[in-house]
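Thank you all for coming. I would like to walk through one model this morning, taking its sheets, its helix contacts and one salt bridge in turn, so please have the sequence and the structure open as we go.

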Amino acid sequence: MARPVGIGYQDFEQLITEHVFYVDKTLFIKEWWENRDIVTLITRPRRFGKTLTMDMTEKFFSVKYANRGELFESLAIWEEEHYRELQGTYPVISLSFANIKEMDFENCRRKICYLLANLYSDHNFLLENGNLSSLEQDFFKRVSVDMGDVEASLALNELSKYLCRYYGKKVIILLDEYDTPLQEAYVNGYWEKLVGFTRGIFNAAFKTNPWLDRAIMTGITRVSKESIFSDLNNLTVVTTTSRKYEDCFGFTQEEVVDALAEYGLGKEENDVRDWYDGFTFGNRTDIYNPWSIINYLGEQRFSAYWVDSSSNRLVGKLIREGNQEIKMIMEDLLDGKSIGVEMDEQIVFSELDENEPSIWSLLLASGYLKVERYRMDEEWGTDKYELSLTNKEVRIMFRKLIKGWFGKSIFAYNAFVKALLRADVKGMNAYMNKVALDTISYFDTGKKPSEVAEPERFYHGFVLGLIVDLTGRYTVTSNRESGFGRYDVMLEPCHEEDDAMILEFKVYDPEEENTLSDTVKSALAQIEEKQYSSVLEVKGIAAERIRKYGFAFEGKKVLIG
């Protein structure tokens, strides 16, 4: 009989005692222990079992769970006799930054201090019988929500010392979702302040901590060493391309096949693979999204479970505000193509706005892209990746994300697309002016008040919207070579009954043109002079089936002709 499917379990004890569906990942404990790394940072996409794995690790090693071996008796780790003896024998400090998603530094700092103060509250017994000196007792009592930077930076280090003295054994520290507040700090503009604060905590806890046996940190991204790990030369980083722990997070092909058989869904295997497979960790190219698989087993219908489970604000911001090249690459990805990029998996958040490789690193770490091929350029020592969208579920996410860019003008945008398809120039003008008025600033990346909105950024986002709306009817491309130049947008029909279209965008230049109408004429003249239609005619599309439009921009005003 199939086990009940429980959604969202992050407490290992509860999951085991309630006998819900669980894929045995306890051999992670053995692999991690035998690697003997002092501090391990493991990055995996969200909802890939990081929190459950950390809770499992705590309950395996923690002295609080001594004599609780029954939690592991039916699992793979219990077959290893040596590990039965390790169960429940270490002091463990466990905390999570998963819920630190504050809009400003002051509240973020306060929340981190609250977590540290809560840890101390859980260990109040140390004040009574922990053999603390009067100085240590004073420090213990000063750890609070309102403590200073010195106390906050030393809190984990000092607690390690107290626990090591009490139990006669060095501690294990587990920090889950270490980068959640860092991502929020980047989005909300307090990155530098938070980096300075957390650097002190991490250095004291993981580098200058003689009472530390081992530690694990988990997160989505590998934040650059220079920013918060500058002194941690004992840090082992395990990213999605690393071979360590490659089958410990997410479900393998074999595990998914067994799960589908348990619930009588074996015949759906191919569709399940299209929707939820495609993640690559190390040499494993067959990793499935566990959140989506569990939800699918419970609901027994296909849906974008994973991509609907949390915010994609950072990803959306980077692509929406990205330059022309980033949007062109997104066009290819949405069209099912792979892209070749040179990048470093180490993410420098301060460079995300202007460093294109950092964006692809973030999308790879987040699980939205997968590695098709990898090679190192031995002459330059650089890493070269061929990447593509991970699976059908991710493709759906990006389509929703792009549609969402148009926000309150979505009705006008949809109406514009309909007017475009029926060659209604009057309607195109009316609706496009509404869309531009509402969204040009939203696409602009200008950080200084003096910088004007850039319609170029808007129309490249607009092109991605066309791709989403017209998939299956048109192949939409932008800034590709044709004739004697590079057209702005080309819509190549997938069916003979539809016309092809070429769209050329121009910003009004008062030094060269008297009116927006002149700018439209200039755009149309460029289409003819550069022979942009030649690539369509070569494919057998008759000239009379190629419509040409000039788009003239003046601020947020648009004229189409």
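**Sheets, helix contacts and a salt bridge**

Let me start with helix α19, residues 410–421, which lies across β11, β14 (489–493), β15 (500–507), β16 and β17, and which runs at about 140° to β16. A second helix, α20, residues 425–443, also packs on this sheet, where it touches β16 and β17, and its direction makes about 155° with that of β17. Before going further I should say that what you are looking at is a predicted model.

The sheet beneath these helices is an open one of five strands, in the order β11-β14-β15-β16-β17, and its pairing is mixed. At its edges are β11 (474–478) and β17 (557–560), each of which pairs on one side only, and the twist from one strand to the next averages 15°. If you look at the β17 edge, you will find that strand β16, residues 546–554, is joined to β17 by four bridges, the two strands running antiparallel. Within that pairing, E554 stands opposite K557 in β17.

Let me now turn to the other sheet I want to show. This is again an open sheet of five strands, with the order β2-β3-β4-β1-β5, and here the pairing is parallel. The edge strands are β2 (92–96) and β5 (235–238), each pairing on one side only, while the twist averages 10° from one strand to the next. Strand β3, residues 171–176, and strand β4, residues 212–219, run parallel and are joined by five bridges, and L174 can be found opposite I216 in β4. As for the helices on this sheet, α3 lies across β2, β3 and β4 and runs at about 165° to β3, whereas α8 touches β2 and β3, with a direction that makes about 150° with that of β2.

Helix α8 leads us to the helix pairs. α8 (residues 149–167) packs with α10 (residues 191–207) at an angle of about 30°, the axes being 7 Å apart, and the two helices are therefore roughly parallel to each other. Their crossing is right-handed. On the α8 side the contact involves D149, A152, S153, L154, L156 and N157, and these meet F197, G200, I201, A204 and A205 in α10. Sorted by class, the residues of this contact are seven nonpolar, three polar and one charged.

The other pair is α9 (residues 180–188) with α15 (residues 313–320), which pack at an angle of about 40° with their axes 10 Å apart, and which are therefore oblique to each other. In this case α9 passes α15 in a left-handed crossing. The residues that make the contact are Q183, E184, Y186, V187 and N188 from α9, together with R313, L314, K317 and L318 from α15. By class, that contact has four nonpolar, two polar and three charged residues.

Finally, a word on charged pairs. How many salt bridges does a search of the whole structure find? The count is 32, and I have picked out one of them, in which the side chains of K59 and D11 meet at 3.0 Å, N to O. This pair links distant parts of the chain, since K59 belongs to helix α3 (residues 50–61) and D11 to the segment before α1 (12–17), the two being 48 residues apart. We have already met α3 as the helix lying across β2, β3 and β4, and that is where I will stop.

Note on methods. Residues numbered from 1 in each chain as written. Predicted model: local features only at pLDDT ≥ 70, side-chain atom pairs only at ≥ 80, totals over all residues. Heavy atoms only, no water. Axes fitted to C-alpha atoms, helices over the stretch in contact; angles between N-to-C directions. Parallel < 35°, antiparallel > 145°, perpendicular 65-115°, else oblique. Left-handed = near helix turned anticlockwise from the far one by under 90°. Contact = heavy atoms within 4.5 Å. Nonpolar A, V, L, I, M, F, W, Y, C, P; charged D, E, K, R; others polar. Pairing = 2+ DSSP bridges. Salt bridge = Lys/Arg side-chain N within 4 Å of Asp/Glu carboxyl O.
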